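Subject: Structure handover

Hello,

Here is the structure for you to look through. My notes follow below it.

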Amino acid sequence: MKILGGKYKGRNFYMPAGIRPTQNVLRAAIFDLLGHDFSGLSFLEPFAGSGAVSLEAISRGAQEVVMVEHNDLNAKTIRENCELLGIELGGNFSLIHAEAFTTLKRLSEGHEPFDIVFVDPPYGQKLAKKALKLLTSRDILHAQSLVMVQVEVSEKLDIADDFTILTQRRYGSSHLTLLQRVII
């Protein structure tokens with residue numbers, strides 16, 4: 001796999017065996033919808049997998065990126081990918097090797113709200129709805145926060161009134177929904 005834009009554009013990175021990677025076409029679509037310049041923005045990926053989307057955010061200038069990954073092999077691969085690209089973990093770029101929902105709760109207690117959250121849980125487990133509910137029930141988002149959700153096409157994504165749907169798109173077997181937090 002390759003980084004598609006920004007500082008590390010064209011650089012290769014590893015993909016762990018046995019996961020469903022966010023393919024280049026889908027990653028390009030994600031950043032077409034979110035924007036290409038992440039300068040000064042904070043980015044959270046609670047189901048990081050290989051870290052591909054977070055690595056793109058770092059490459060495009062994100063000020064802070066938090067990757068959360070529970071799987072040992074995937075977390076090891078993220079570390080290797082960061083090392084390969086020369087990205088130092090710690091400080092502004094971090095990998096939390098833990099379960100996503102527990103980590104989201106913990107982040108809400110002592111972290112500033114994130115500008116962008118990318119939610120791409122493992123398919124077939126219906127975790128996106130739970131993640132969205134947790135994002136709105138905790139102080140993880142501010143009024144301008146964007147949340148990109150990737151689910152398989154067959155999964156019905158119930159969007160609570162806490163979000164405005166900015167756009168929805170289908171890409172092969174994946175469905176992308178871009179949301180913005182509504183704070184009353």
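How many bridges join β1 to β2, and do these strands run parallel or antiparallel? Four bridges join them, and the two strands run parallel. Keep in mind that this is a predicted model.

**The sheet**

Stay with that pair for a moment. Leucine 44 has valine 66 of β2 as its bridge partner. Strand β1 covers residues 42–45. Ser42 and Leu44 point one way from β1. Phe43 and Glu45 point the other way. All four are buried.

Now step back to the whole sheet. It is open and has seven strands. Their order is β3-β2-β1-β4-β5-β7-β6, and the pairing is mixed. The edge strands are β3 and β6, since each pairs on one side only. From one strand to the next, the twist averages 15°.

Go to the β6 end next. β6 and β7 pair in the antiparallel sense, over eight bridges. Threonine 167 has leucine 178 of β7 as its bridge partner. Arginine 169 stands opposite leucine 176, also in β7. The two strands form a hairpin with two residues between them. Look for glycine 172 in the turn, where phi is positive, at about 60°.

β7 also pairs with β5. Seven bridges join these two strands, which run antiparallel. One pair to find is valine 149 with its bridge partner in β7, threonine 177. Is β7 enclosed or open? Six of its eight residues are buried, so β7 is largely enclosed by the rest of the structure.

**Helices on the sheet**

After the strands, look at what packs on them. α1 touches β4, β5, β6 and β7. The direction of α1 makes about 20° with that of β7.

α5 lies across β4, β5, β6 and β7 as well. Relative to β5, α5 runs at about 175°. Which residues of α5 are buried? They are Ala128, Ala131, Leu132, Leu134, Leu135 and Thr136. These buried residues pack against α4, β4, β5, β6 and β7.

So α5 has a helix partner too, namely α4. Two packed helices are described by the angle between their axes and the distance between the axes. Here α4 spans residues 100–110 and α5 spans residues 128–137. The angle is about 10°, and the axes are 10 Å apart. That angle makes α4 roughly parallel to α5. From α4, the contact uses Phe101, Leu104 and Lys105. From α5, it uses Lys130, Ala131, Leu134 and Leu135. By class, five of the contact residues are nonpolar, none is polar and two are charged.

**The cores**

In soluble globular proteins, nonpolar side chains tend to be buried together. Where does that happen here? The largest nonpolar core has 33 residues. Those with the most contacts inside it are Ile30, Leu34, Phe38, Phe43, Val65, Ile87 and Met148. Several elements each supply at least two residues of this core, including α2, α3, β2 and β5. α1 gives the most, with six residues. Another core lies apart from it. That one has 26 residues, among them Phe47, Val66, Val68 and Phe101.

**Three single residues**

Start with asparagine 74, in helix α3. Is it buried or exposed? Its relative accessibility is 6%, so asparagine 74 counts as buried. It touches Pro16, Ile19, Gly49 and Glu69, leaving aside residues up to four places away in sequence.

Glutamate 80 lies in helix α3 too. Its relative accessibility is 31%, so glutamate 80 counts as partly exposed. Serine 50 is 30 residues from glutamate 80 along the chain. Even so, their C-alpha atoms are separated by 9.8 Å.

Lysine 126 comes last. You will find it in the loop between β4 and α5. Its relative accessibility is 56%, so lysine 126 counts as exposed. Check its backbone as well: phi is near 55°, a positive value in a residue other than glycine.

Best wishes

Definitions and conventions:
Residues numbered from 1 in each chain as written. Predicted model: local features only at pLDDT ≥ 70, side-chain atom pairs only at ≥ 80, totals over all residues. Heavy atoms only, no water. Core = buried A, V, L, I, M, F, W, Y, C linked by side-chain atoms within 4.5 Å. Buried < 20%, exposed > 50% of the residue type's maximum accessible area, 1.4 Å probe, protein only. Axes fitted to C-alpha atoms, helices over the stretch in contact; angles between N-to-C directions. Parallel < 35°, antiparallel > 145°, perpendicular 65-115°, else oblique. Contact = heavy atoms within 4.5 Å. Nonpolar A, V, L, I, M, F, W, Y, C, P; charged D, E, K, R; others polar. Pairing = 2+ DSSP bridges.
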